[in-house]
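Hi,

Here is the structure I promised to pass on. Have a look at it first, and my notes follow below.

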Amino acid sequence: MEEQKAQIKQYVSRFFRKHELQDDENMFELGIVNSLFAMQLVTYVESMIGITLEPHELDMNNFHSINAIMKLIESKNTLTE
């Protein structure tokens with residue numbers, strides 16, 4: 001899980017070059033992301049983890065921070081085990 005977290009953080013950091021994003025920091029509240037970024041993030045997470053997210057999982061609350069994304073991934077892993 002730590003490797004996945006590091007990969008997501010590295011991916012997201014490409015969009016936050018002037019800000020060191022903390023794991024629990026709300027990316028959307030920072031106001032430096034948009035809906036296009038959100039869709040890119042969803043696509044990245046799906047391809048990185050090899051999962052398909054269900055429509056009800058495409059909630060901003062699942063993608064607002066690194067920790068929220070990891071919580072979503074953990075829940076998907078729990079369901080497949």
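To start with one residue: is Phe37 buried or exposed, going by its relative accessibility? It counts as buried, because its relative accessibility is 4%, under the 20% cut-off. Keep in mind throughout that this is a predicted model.

Phe37 is a handy way into the aromatic side chains. Searching the whole structure turns up four aromatic pairs. In one of them, the ring centres of Phe15 and Phe37 are 4.8 Å apart and the planes sit at 70 degrees, so this pair is edge-to-face. The two residues come from distant parts of the chain, 22 residues apart: Phe15 is in the loop between α1 and α2, while Phe37 belongs to helix α2. Unlike Phe37, which is buried, Phe15 is partly exposed, at a relative accessible area of 32%.

Phe37 also pairs with Phe16. Here the centres are 6.2 Å apart and the planes are at 85 degrees, so this one is edge-to-face too. Phe16 is in the loop between α1 and α2 and Phe37 in helix α2, so the pair ties together parts 21 residues apart in sequence. Phe16 and Phe37 are both buried. Taken together, ring pairs join Tyr11, Phe15, Phe16, Phe37 and Tyr44 into a cluster.

Now the helices themselves. Helix α1 covers residues 2-13 and helix α2 residues 35-49; they pack at an angle of about 150 degrees, and their axes are 11 Å apart. That angle makes α1 roughly antiparallel to α2, and their crossing is right-handed. On the α1 side, the contact is made by Gln4, Gln7, Ile8, Tyr11 and Val12. On the α2 side, Phe37, Gln40, Leu41, Tyr44, Met48 and Ile49 take part. Sorted by class, that contact has eight nonpolar residues, three polar ones and no charged ones. You'll notice some familiar names: Tyr11, Phe37 and Tyr44 are in this contact and also in the ring cluster.

One last spot to check is Leu58, in the loop between α2 and α3 (66-80). Leu58 counts as partly exposed, with 44% relative accessibility. Leaving aside residues up to four places away in sequence, Leu58 touches Val42, Leu53 and Phe63. Val42 is 16 residues from Leu58 along the chain, and their C-alpha atoms are 7.7 Å apart.

Shout if you'd like to go through any of this together.

Cheers

Key
Residues are numbered from 1 along each chain as its sequence is written. This is a predicted model: local features need pLDDT of at least 70, side-chain atom pairs count only at pLDDT 80 or more; totals for chains, interfaces and linings use all residues. Side-chain values use heavy atoms; hydrogens and water are left out. Axes are lines fitted to C-alpha atoms, for helices over the stretch in contact, and angles run from 0 to 180 degrees between N-to-C directions. Helices (H or I, at least four residues) and strands (E, at least two) are DSSP runs, numbered from the N terminus. Angles under 35 degrees count as roughly parallel, over 145 as roughly antiparallel, 65 to 115 as roughly perpendicular and the rest as oblique. A crossing is left-handed if the near helix is turned anticlockwise from the far one by less than a right angle, and right-handed if clockwise. Contact means heavy atoms within 4.5 Å. Ala, Val, Leu, Ile, Met, Phe, Trp, Tyr, Cys and Pro count as nonpolar, Asp, Glu, Lys and Arg as charged, and the others, Gly among them, as polar. Rings of Phe, Tyr and Trp (its six-membered ring) pair if their centres lie within 6.5 Å; planes under 30 degrees apart count as stacked, over 60 as edge-to-face and the rest as tilted. Buried means under 20% relative accessible area, exposed over 50%, partly exposed in between (1.4 Å probe, protein chains only).
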